[in-house]
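Student: Please show me the structure, and then take me through it by question and answer.

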Amino acid sequence: MPTRRTGIITTIVAIAALVSIAVASTAMSLAVFTAQPEEQAIFGSKALFPGERDTPAFDVGDSSSGTEIDRSSSFAFPADSLTTTTSAWSTAFAANRYLEFDLNDSLAPGVAITSPTFDFRFASSGAGQACYYVEVRRISTGAVLGTHGSSGTPLGCVTGTTQAAFSTSIPSLATTSIANDLRVRVFGRESGGASMVIDRSTVGGATAHQAFTLYPFMFRDAADTTPELIPWELAVP
């Protein structure tokens, strides 16, 4: 016949068994809740434009002396203390007095462009007033794509030597194929017959894939009616 002591021992063994089961269940539960699911990799791609496209550098630093000197294109970036002074203008606009900027062809062809602009920053070299308007042309054919401003209504005028910036919409620049064959001709005058000091002359815009800026690789100065061809040094083979 079981004794009271035997009953107590049986009860203790039963409780211990229940505790072991509870601990094991808790451990299994904790393992489920603390496990980290694997991250799924997400891949995507943008448009691919096969082909070879070369362009010279326009932002250049020269550290050959041990101290870096900015040797960038004088037309590329505003307010960088790098400028180009043209030959002298007349006091009135004339068809044979102009500047030309041929832009680099760095874009994949056949892509639509939005918000294209010609960005120009300049001043007079003296106390007079300098003014300008532009034609957008093809390099390959010389064809005029659009005229912006006129001799009677210039795009911008600056009196004196303080630089001022102007941005002009050029909707005729509709595709990257045109942008890769782009020339901007700037007609000017200066009320005192002085020169212009140019700090920036670039074309900007965007496609569905990227924003871009185009820089002059060739500059023609015919402000005094005698054209002078001035290439960007890094664009010369």
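Student: Is D102 buried or exposed?

Tutor: Buried means under 20% relative accessible area, exposed over 50% and partly exposed in between, with a 1.4 Å probe and protein chains only. The relative accessibility of D102 is 3%. Because 3% falls under that limit, D102 counts as buried.

Student: What kind of model is this, and how are residues numbered?

Tutor: This is a predicted model, in which local features need pLDDT of at least 70, side-chain atom pairs count only at pLDDT 80 or more, and totals for chains, interfaces and linings use all residues. Side-chain values use heavy atoms, with hydrogens and water left out, and residues are numbered from 1 along each chain as its sequence is written.

Student: Which residue forms a salt bridge with D102?

Tutor: Side chains of opposite charge can pair when their charged atoms come close. A salt bridge is a side-chain nitrogen of Lys or Arg within 4 Å of a carboxyl oxygen of Asp or Glu. For D102 the closest N and O atoms of the pair are 2.9 Å apart, and the partner is R220.

Student: How many residues apart in sequence are the parts that R220 and D102 tie together?

Tutor: Strands are DSSP runs of E with at least two residues, helices are runs of H or I with at least four, and both are numbered from the N terminus. R220 lies in strand β13 (residues 216-222), while D102 lies in strand β4. The pair therefore ties together parts of the chain whose separation in sequence is 118 residues.

Student: Which strand holds R185, the salt-bridge partner of E100?

Tutor: The side chains of E100 and R185 meet at 2.5 Å, N to O. Both E100 and R185 are buried. E100 is in strand β4 (residues 98-103), and 85 residues away R185 sits in strand β10 (residues 182-190).

Student: Which residues are joined into one network by salt bridges that share partners?

Tutor: The count of salt bridges by this rule is 9. One of them is between E135 and R137, at 2.8 Å from N to O, and both of these residues are buried. The network made by shared partners consists of E100, D102, R183, R185 and R220.

Student: How many disulfides does a search of the whole structure find, and which residues form a disulfide?

Tutor: A disulfide is a covalent bond between the sulfur atoms of two cysteines. Here the term is applied to a pair of cysteine sulfur atoms within 2.5 Å. The search finds 1 disulfide, with sulfur atoms 2.1 Å apart, formed by C131 and C157.

Student: Where do C131 and C157 lie?

Tutor: The link of C131 and C157 is right-handed, with 115° about the S-S bond. The pair ties together parts that are 26 residues apart in sequence, because C131 lies in strand β6 (residues 129-138) and C157 in strand β8 (residues 156-159).

Student: Is C157 buried, exposed or partly exposed?

Tutor: C131 has a relative accessible area of 0% and is buried. C157 has a relative accessibility of 33%. That value lies between the two limits, so C157 counts as partly exposed.

Student: Why do the rings of F101 and F219 count as stacked?

Tutor: Rings of Phe, Tyr and Trp (its six-membered ring) pair if their centres lie within 6.5 Å; planes under 30 degrees apart count as stacked, over 60 as edge-to-face and the rest as tilted. By this rule there are 16 aromatic pairs. The centres of F101 and F219 are 5.2 Å apart and their planes are at 25°, so the pair is stacked.

Student: What is the angle between the planes of F118 and F120?

Tutor: F118 is buried at 2% relative accessibility, and F120 is buried at 1%. Their rings form a stacked pair, 5.5 Å centre to centre, with an angle between the planes of 25°.

Student: Which residues form one aromatic cluster?

Tutor: F101 and F219 are both buried, and both belong to the cluster. F118 and F120 belong to the cluster too. In full, the members are F75, F101, F118, F120, F122, Y132, F166 and F219.

Student: Which residues beyond four places in sequence are in contact with T202?

Tutor: T202 is found in strand β11 (residues 196-206) and is buried, with a relative accessible area of 0%. Contact means heavy atoms within 4.5 Å. Leaving aside neighbours within four places in sequence, the residues in contact with T202 are F75, A76, T117, F118, D119, T213, L214 and Y215.
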